[in-house]
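Colleague: Could you explain, for a first-year student, how the charged side chains and the second largest pocket fit together in this model? Please define each term when you use it.

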Amino acid sequence: MSYGTPPPPPSEDDRSDPTSEPQTPSDAPSPPSYGQAPPPPPPSDYGQAAPPPPPPPADYGQSPPPPSGYGQAPPPAYNDPNQPYGGAAPAYTGPYEQAPASSVGTLAQWPQRALGWLIDFVVLYIPGYILYFIGLPKADPVTGLPGSFGVAYYLGALYILAVAIYNRWYRGGTTGQTIGRGVAGVKVVRESDGQVLGMGMAFVRDLAHIVDSIICYVGWLFPLWDSKRQTIADKIMSTVSVTVPKG
């Protein structure tokens, strides 16, 4: 066909019926009918791993694990069945259970101090008291007038004074312990530095105990409620009684 010549008209075989449906390739799949499930996907390539199965559903009623991190409550503490409900209650510490501590040692309890006092002023003085009362003047059976003091009276007084000088003022001032305090495990020291008083100040401290006695002996009971376990004489002299090994 030369340039500029129109193409020949199509033949009858080449023409298609306009009313007929368009032809589709023979190998194309036909669309599924209404209500029919779609065909399964084509098989995967050889050697390709199959997808993992979905996770099994959780059991009914099982709660998911709590998330960790901020805001999570700590585990409950173990409660001893022998302890009372809600934890152990603090033990009662009465006036004799737990003595407070100071900078110079553990403060002595009132019963300890009372024991030392009884030994110093009663037990050790018993021989002097006996002599003292034996030597007291007796009334004359004829005239009824009191007689003179006997020799035993003066011996008893000298004995008590000698014991006080050695035990209360010398020994108590130089070591902090009298015989009674040693038995009770008590030592008297200065509150400021824990040193002993010395003989002179130990004598002055015994004089300060007069204040404890003139107010109906209430001053001797001050260690029962005082935070430093001090009598009034201790507060005047700035002394405290601390616990030490007995002996």
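Modeller: Helices (H or I, at least four residues) and strands (E, at least two) are DSSP runs, numbered from the N terminus. The model is predicted, so local features need pLDDT of at least 70 and side-chain atom pairs count only at pLDDT 80 or more, while totals for chains, interfaces and linings use all residues. Residues are numbered from 1 along each chain as its sequence is written, and side-chain values use heavy atoms, with hydrogens and water left out.

I begin with the salt bridges (a side-chain nitrogen of Lys or Arg within 4 Å of a carboxyl oxygen of Asp or Glu). A search of the whole structure yields seven of them. In one, the side chain of Arg113 meets that of Asp234, with N and O 2.7 Å apart. This pair connects distant parts of the chain, since Arg113 lies in helix α1 (residues 110-123) and Asp234 in helix α6 (residues 232-237), 121 residues apart. Arg113 and Asp234 are both buried, a word that stands for under 20% relative accessible area, with exposed over 50% and partly exposed in between (1.4 Å probe, protein chains only).

Helix α1 also supplies Asp120, whose side chain forms a salt bridge with that of Arg168 at 3.4 Å, N to O. Again distant parts of the chain are linked: Arg168 belongs to helix α3 (residues 151-175), and 48 residues separate Arg168 from Asp120. Arg168 counts as buried because its relative accessible area is 6%, and Asp120 does so because its value is 1%.

Arg168 has a further salt-bridge partner in Asp206, with the closest N and O atoms 2.6 Å apart. Asp206 sits in helix α5 (residues 199-214), 38 residues from Arg168, and this pair too links distant parts of the chain. With a relative accessible area of 18%, Asp206 is therefore buried. Elsewhere, salt bridges with shared partners join Arg113, Arg205 and Asp234 into one network.

The pockets come next. On a 1 Å grid over the protein atoms alone, a cavity is a set of points where a 1.4 Å probe fits but cannot get out; a pocket is an open set with protein on both sides within 12 Å along at least five of seven lines, and lining residues have an atom within 4 Å of a point. In the largest pocket, α1 gives the largest share of the lining, nine residues. The second largest pocket has 13 lining residues, and Phe121, Tyr125, Ala164, Trp169 and Asp206 are the closest to its centre. Here α5 contributes the largest share, six residues, and α3 and α5 each provide at least two. Asp206 thus returns: the salt-bridge partner of Arg168 is among the residues closest to the centre of this second pocket.
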